[in-house]
Amino acid sequence: MKWQGRERSSNIEDRRGQAGGGLGGGLGGGFGRGGGGMRLPTGRSGGIGGVIGIVVVLGIIWALTGQNPIDILTGGTSAGTTTSSSSSSAPPAAGEDEMADFVGVVVKETEDVWTQKFAAAGQTYTPPGVVLFSGATASGCGQASADSGPFYCPQDRKVYIDLSFYDQLRQQFGAPGDFAQAYVLAHEVGHHVQNLDGTLPRFDAERANMSAEDANAYSVRIELQADCYAGVWAHEVGRENLLDSGDMEEAINAANSIGDDTLQRQTQGEAVPRTFTHGTSEQRKAWLQRGMASGNPADCDTFSGSI
């Protein structure tokens, strides 16, 4: 991807090297290791089970119950959500931190694409904040941990990412390349689009009356739509002649590497479809490619018919 020297987003909040916030009981300890709640993939052994997951469920649980979701999932008591030792800091100056520069450029490209798409529909796009952190940090959905993988929190409308995740993406999941890394961000921004267009709030409202299996199936459709939206972004980046040879293949390979079936076979020895929350490898590839081919968000309707 031709990203060096391009404009960076101003919506980057760099918390790397700061203390991990004031929420107690981090996600890497109790969250996702038991049976409660909706399991979100991170792909780590003994973890949540997949990789580019959002922690939308944290905001949903919080909204429905009024309780800190960490307490619900771990049976513990956290310190509350009103305090945080993390304060915003400006991103490093351009050229001082290559990975932060890369994230800033990719985020700016998503801002440009979705601003245009929303304007075409007579709407205004408000971009998410993007928080870079190391280890752990406070979020509107509870304490964010490197173990959770990159995620979008609908409560504070921010994407959270520990940049060490990209090492895991390359080494553990066999998905190298800068465009695979860009796909991660574009997918999470896709969840922000869903928050703005009402998709996530509808899930929030309807989930209370769903069985766990039905909620998982709904979650799959949400995740596949975010993959398709990432493809819409990739389509537009391609039109701007910003792609290098093999970039699209890098993103498709990443989508294939983090399907629920692939990850469950790696971590559990077998795939259990009723527990899928993000979709199979084939589904994730197909919807990403659909967005790449059309560049039209209207073609990303994963809620009508089969997927």
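## A tour of the salt bridges, sheet and helices

Start by selecting Glu236, which is buried, with a relative accessible area of 9%. Before going on, keep in mind that you are looking at a predicted model.

**Stop 1: the end of helix 7.** Keep Glu236 selected and add Arg239. Their side chains form a salt bridge, 3.4 Å from N to O. Both residues belong to helix 7 (residues 212-239), three residues apart, which is about one turn of the helix. An α-helix has 3.6 residues a turn, so residues three or four places apart point the same way. Is Arg239 buried or exposed? Arg239 counts as exposed, because its relative accessibility is 62% and the cut-off for exposed is over 50%. This pair therefore joins a buried Glu236 to an exposed Arg239.

**Stop 2: helix 9.** Now select residues 260-268, which make up helix 9, and show Arg265 and Asp261, four residues apart and again about one turn of the helix. Their side chains meet in a salt bridge at 3.6 Å, N to O. Asp261 is buried at 14% relative accessible area, while Arg265 is partly exposed at 48%.

**Stop 3: a buried pair.** Next, select Glu13 and Arg15. Here the closest N and O atoms of the salt bridge are 2.8 Å apart. Glu13 has a relative accessible area of 11% and Arg15 one of 7%. Both count as buried, because each value falls under the 20% cut-off.

**Stop 4: a network.** Select Glu7, Lys108 and Asp112 together. What links these three residues? They are connected in a network of salt bridges. Side chains of opposite charge can pair when their charged atoms come close. How many salt bridges does the model have by this rule? The count comes to 13.

**Stop 5: the sheet.** Switch to a cartoon view and find the open sheet of four strands, ordered 1-2-6-5 with mixed pairing. At its edges stand strand 1 (12-14) and strand 5 (151-153); each has a single partner strand, so one side of each is left without a neighbour in the sheet. On average, neighbouring strands of this sheet are turned by 25° against each other, direction ignored.

Then select strand 2 (residues 129-133) and strand 6 (residues 158-162). These two run parallel and are joined by five bridges. To see one of the partnerships, pick Gly129, whose bridge partner in strand 6 is Lys158. With strand 2 still highlighted, add helix 3 (residues 98-120), which lies across strand 1 and strand 2 and runs at about 165° to strand 2.

**Stop 6: helix 6 against helix 7.** Finish with helix 6 (residues 199-207). Which residues of helix 6 are buried? They are Thr199, Leu200, Phe203, Asp204 and Arg207. These residues cover an arc of only 145° around the axis, so they sit on the same side of helix 6.

Bring helix 7 back into view. Helix 6 and helix 7 pack with their axes 11 Å apart, at an angle of about 180°. That angle makes helix 6 roughly antiparallel to helix 7. To display the contact, select Thr199, Leu200, Arg202, Phe203, Glu206 and Arg207 in helix 6, then Ala215, Tyr218, Ser219, Ile222 and Gln225 in helix 7, which they meet. Among the helix 6 residues in this contact, Thr199, Leu200, Phe203 and Arg207 are also among the buried residues of that helix.

Notes:
Residues are numbered from 1 along each chain as its sequence is written. This is a predicted model: local features need pLDDT of at least 70, side-chain atom pairs count only at pLDDT 80 or more; totals for chains, interfaces and linings use all residues. Side-chain values use heavy atoms; hydrogens and water are left out. A salt bridge is a side-chain nitrogen of Lys or Arg within 4 Å of a carboxyl oxygen of Asp or Glu. Buried means under 20% relative accessible area, exposed over 50%, partly exposed in between (1.4 Å probe, protein chains only). The arc is that of the directions from the helix axis to the C-beta atoms. Two strands pair if DSSP finds at least two bridges between them. Axes are lines fitted to C-alpha atoms, for helices over the stretch in contact, and angles run from 0 to 180 degrees between N-to-C directions. Contact means heavy atoms within 4.5 Å. Angles under 35 degrees count as roughly parallel, over 145 as roughly antiparallel, 65 to 115 as roughly perpendicular and the rest as oblique.
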